[in-house]
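Me: I have a protein model to go through, and I want to know how its labels are justified. Please set each value against its cut-off.

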Amino acid sequence: MYYKFSGFTQKLTGSSPSTAYSPQGLRPGVSGEAPPMIFATPTKIVSEAGPGAEYMGKNRVPDLQRLFQTSDDIPVHLKRGVPDRLLYRTTMALTVGGALYCLVALYIAAQPSNK
């Protein structure tokens, strides 16, 4: 015997096999036809690209490897010069400022209210 959950009585009740396999009126949504194409132009597969597809920019990886692997007693996060120094100092200033702001907020929150 097959059972299905009755939403009205909140109990299991006897049912036929077709209603037991698709409970609460849900039916499987399998259709026999393919879905319509969304895009009008087909995409190329990587193997179809051939020798014509190449990166238009210069490969900078060897230059950056040479720069970062030199031993000149400069930390890695400062090796690229002024932009790295500016980012580092901005990050440190925001960190110190945020820590001070948190301490001030804690001090203000710890004070009793004057009522």
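Reply: What follows is a set of questions and answers on a predicted model.

Me: What makes the contact between Asp-63 and Lys-58 a salt bridge?
Reply: A salt bridge needs a side-chain nitrogen of Lys or Arg within 4 Å of a carboxyl oxygen of Asp or Glu. For Asp-63 and Lys-58 the N to O distance is 2.9 Å. That is within 4 Å, so the pair counts as a salt bridge.

Me: Why is the link between the side chains of Asp-63 and Lys-58 also called a polar contact?
Reply: A polar contact asks for N or O atoms within 3.5 Å, one able to donate a hydrogen and the other to accept it. The two side chains make such a contact at 2.9 Å, so the distance meets that cut-off too.

Me: How do you know that Asp-63 and Arg-66 form a salt bridge?
Reply: Their side chains meet at 3.2 Å, N to O. The limit is 4 Å, so this pair passes. Both residues lie in helix α3, which covers residues 61-69. They are three residues apart, about one turn of the helix.

Me: Why is Asp-63 called partly exposed, while Lys-58 and Arg-66 are called exposed?
Reply: Buried means under 20% relative accessible area and exposed means over 50%, with partly exposed in between. Asp-63 has 34% and falls in between, so the label is partly exposed. Lys-58 has 61%, which is over 50%, so Lys-58 is exposed. Arg-66 has 52% and is therefore exposed as well.

Me: What makes Lys-79 and Asp-72 a salt bridge, and which label does each residue get for accessibility?
Reply: Their closest N and O atoms are 2.9 Å apart, and the cut-off is 4 Å, so the pair counts. Lys-79 has 12% relative accessibility, which is under 20%, so Lys-79 is buried. Asp-72, at 38%, is partly exposed. Elsewhere, salt bridges that share partners join Lys-58, Asp-63 and Arg-66 into one network.

Me: How many salt bridges does this rule give?
Reply: The count is three.

Me: Why does Asp-84 have no salt bridge?
Reply: The nearest side chain of opposite charge is that of Arg-80, 5.2 Å away. The cut-off is 4 Å, so Arg-80 does not qualify. Asp-84 is nevertheless buried, and lies in helix α4, residues 82-110.

Me: What else lies around the side chain of Asp-84?
Reply: A polar atom of this side chain lies 3.0 Å from the backbone nitrogen of Arg-80. Leaving out residues up to four places away in sequence, Asp-84 touches His-77, Leu-78 and Lys-79.

Me: How do you know that strands β1 and β2 pair?
Reply: Pairing needs at least two bridges. Four bridges join β1 (residues 2-5) to β2 (residues 12-15), so the two strands pair. They run antiparallel, and Tyr-3 stands opposite Gly-14 in β2. The hairpin has six residues between the strands, and Gln-10 takes a positive phi near 60 degrees there.

Me: Where does Ser-16 lie, and why is Ser-16 called partly exposed?
Reply: Ser-16 is in the loop between β2 and α1 (17-21). The relative accessible area of Ser-16 is 34%, neither under 20% nor over 50%, so Ser-16 is partly exposed. Ser-16 and Tyr-3 are 13 residues apart along the chain, and their C-alpha atoms are separated by 7.8 Å.

Methods: Residues numbered from 1 in each chain as written. Predicted model: local features only at pLDDT ≥ 70, side-chain atom pairs only at ≥ 80, totals over all residues. Heavy atoms only, no water. Buried < 20%, exposed > 50% of the residue type's maximum accessible area, 1.4 Å probe, protein only. Lys, Arg positive; Asp, Glu negative; His and termini not counted. Contact = heavy atoms within 4.5 Å.
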